[in-house]
Amino acid sequence: MEKRIDEKKNLKKDKADKLSNFAAVLTQLRKERGISQKKAALDLGISQALLSHYEKGIRECGLDFVIKCGEYYGVTTDYLLGVSNNRNGVDTSYIDTPIDENGEISVGTLAQASTFLLDIISSAKDAQAVKYIYDYYALCVYRGALTMAKAGILPKEIFKIDFNLGRELANAAIAVEDAKFGLLEDKSRNGNDMCESNAFINLINRAEEQILTSFYLD
């Protein structure tokens, strides 16, 4: 009898912990987005009072609302429910490769990083951002392929445009995409899920170092 009572207490505590965690995550996501409780409630199709109860952990919501919140904030239901710390559900094993002992970055790291980023893009909800990133990547791939063709690594027959002209046109098109970047709404968030040093983070650091050193003027 006593064992059964303890089990009920544990189940009750576990349920309370999950409800509290959901409430905290729900509040955090709204604040990160920089929107009022009133607007979030309106967008989610509920009253502000009910959303306030959810965010305070006073009331338990249904599964439909959890799914709607996931779609609204662009995170997985597992993240909302505290089952996973990964917001987008993308397999982060792509970037878990440790940094090489000699500090060099391999082509394999670039391939893994690209796969990781493109997986994130495929799961994004912002159509404008997805189109921008797709177009930008496509142009970068095209320009890289041109270089490889000129070096004899790829057959030149796959291109209809002359190497030099194609490169100039690709550069111009990429410049246009760079200009569009300023028009994207800033939805960056704090609390990156990947703060530990690994090959991907090292790649980002190297790229930023290259940018700074390439354009530094005395």
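Is Thr27 buried or exposed in this structure? In this predicted model, Thr27 is buried, its relative accessible area being 15%. The residue belongs to helix α1, and a polar atom of its side chain lies 3.4 Å from the backbone oxygen of Glu55.

**Salt bridges**

Glu55 also takes part in a contact through its side chain, which meets the side chain of Arg30 in a salt bridge with an N to O distance of 2.7 Å. Because Arg30 lies in helix α1 (residues 2–33) and Glu55 in helix α3 (residues 48–56), this pair ties together parts that are 25 residues apart in sequence. Both partners are buried: Arg30 has a relative accessible area of 10%, and Glu55 has a relative accessibility of 9%. Taken with the contact to Thr27, Glu55 thus faces helix α1 through its backbone oxygen and through its side chain.

In general terms, side chains of opposite charge can pair when their charged atoms come close. The count for this model comes to 4 salt bridges, and the table sets out some of them, including the pair just described.

| Salt bridge | N to O distance | Placement |
|---|---|---|
| Arg30 and Glu55 | 2.7 Å | helix α1 and helix α3 |
| Lys39 and Asp43 | 3.1 Å | both in helix α2 |
| Lys131 and Asp135 | 2.8 Å | both in helix α7 |

The pair in helix α2 (residues 37–44) is made by Asp43 and Lys39, which are 4 residues apart, about one turn of the helix. Asp43 is partly exposed, with a relative accessible area of 36%, and Lys39 is likewise partly exposed, with a value of 41%. In helix α7, the side chains of Asp135 and Lys131 meet at 2.8 Å, N to O, and here too the partners are 4 residues apart, about one turn of the helix.

**Cysteines**

How many disulfides does a search of the whole structure find? The search finds 0 disulfides. A disulfide is a covalent bond between the sulfur atoms of two cysteines, and the cut-off applied to such a pair is 2.5 Å. For Cys61, the closest cysteine sulfur is that of Cys69, at 6.5 Å, which is too far for a bond. Cys61 is buried, with a relative accessible area of 14%, whereas Cys140, with a relative accessibility of 29%, counts as partly exposed.

**The loop between α7 and α8**

Two isoleucines can be placed in the loop between helices α7 and α8, namely Ile158 and Ile161, where α7 spans residues 127–150 and α8 spans residues 163–181. Ile158 counts as exposed, at 54% relative accessibility, while Ile161 is partly exposed, with a relative accessible area of 35%. Ile158 is 13 residues from Ala145 in sequence, and the two are separated in space by 9.7 Å, C-alpha to C-alpha.

Which residues make the nonpolar surface patch that includes Ile161? The patch, of about 260 Å², is made by Ile161, Leu165 and Leu169. Residues in such a patch need over 30% relative accessible area, and the 35% computed for Ile161 is therefore consistent with its place there.

Conventions:
Residues are numbered from 1 along each chain as its sequence is written. This is a predicted model: local features need pLDDT of at least 70, side-chain atom pairs count only at pLDDT 80 or more; totals for chains, interfaces and linings use all residues. Side-chain values use heavy atoms; hydrogens and water are left out. Patches are made of residues with over 30% relative accessible area and no salt bridge: like charges are joined within 9 Å, nonpolar side chains (Val, Leu, Ile, Met, Phe, Trp, Tyr) within 5 Å. Accessible areas come from the Shrake-Rupley method with a 1.4 Å probe; for residues, only the protein chains shown count as cover. Buried means under 20% relative accessible area, exposed over 50%, partly exposed in between (1.4 Å probe, protein chains only). A polar contact is a pair of N or O atoms within 3.5 Å; within protein, one must be able to donate a hydrogen and the other to accept it, and residues adjacent in sequence count only if both atoms are side-chain atoms.
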